[in-house]
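Here is a short briefing to read alongside the sequence and the 3D view. Please keep both open as you go through the points below.

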Amino acid sequence: MSGNMTDNPNKTHRIHVRMAEKEYRQLQLKWRRTTFRKLSEYVRAKLLDKAIVTTYRNRSLDDFMREMVLLRKELNSIGNNFNQAIHKLHMSDTDEELKIWHAVFRKDRQTMLRHTEKIKEKINSIADIWLQ
């Protein structure tokens, strides 16, 4: 285990450990699942039987966040289309143009309502899981 001796001047003793590649990969995997920033801190805590805080990834939350990012992109796109439609409505000269942009607005509104409903359903399903 190598470390920078300037990290803490009180830590003057070194322990060198040789490991096989597989062992070292296992050690790193375990270390990366903790809140320790440095491998030396993790090894020291492990050797001295100190508490080790591990991180936990909730897959359902990861899935939820992935879906929310996609829905956010779609909602942003719908919002842009909506703003363009409103601008065009204000600039329209003919009844025909008004009818076209009104149809576009109605379609975007329905899409936005569907996506909003999906967001509500996802939030409710995550809330149900977390409240168990």
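Just after helix H2 comes Asp-49, with a positive phi near 55°. The model is a predicted one, and the points below move from helix H2 to the salt bridges.

**Helix H2 and its surroundings**
- Helix H2 spans residues 39-47, and its buried residues are Leu-39, Ser-40, Tyr-42, Val-43 and Ala-45.
- Helix H1, covering residues 21-32, is included in what covers the buried residues of H2.

**Salt bridge in helix H1**
- The salt bridge count for this model is two, and one of them joins Glu-21 to Arg-25, with their closest N and O atoms 3.9 Å apart.
- Both partners belong to helix H1, where a spacing of four residues puts about one helical turn between Glu-21 and Arg-25.
- In general, an α-helix has 3.6 residues a turn, so residues three or four places apart point the same way.
- Glu-21 counts as exposed because its relative accessibility is 52%, whereas Arg-25 is partly exposed at 46%.

**Salt bridge in helix H4**
- Lys-120 and Glu-117 also form a salt bridge through their side chains, at 3.7 Å from N to O.
- These two residues sit in helix H4, which runs over residues 95-130, and they are three residues apart, or about one turn of the helix.
- Lys-120 is partly exposed, with 44% relative accessible area, and Glu-117 is partly exposed too, with 38%.

Key:
Residues are numbered from 1 along each chain as its sequence is written. This is a predicted model: local features need pLDDT of at least 70, side-chain atom pairs count only at pLDDT 80 or more; totals for chains, interfaces and linings use all residues. Side-chain values use heavy atoms; hydrogens and water are left out. Buried means under 20% relative accessible area, exposed over 50%, partly exposed in between (1.4 Å probe, protein chains only). Contact means heavy atoms within 4.5 Å. A salt bridge is a side-chain nitrogen of Lys or Arg within 4 Å of a carboxyl oxygen of Asp or Glu.
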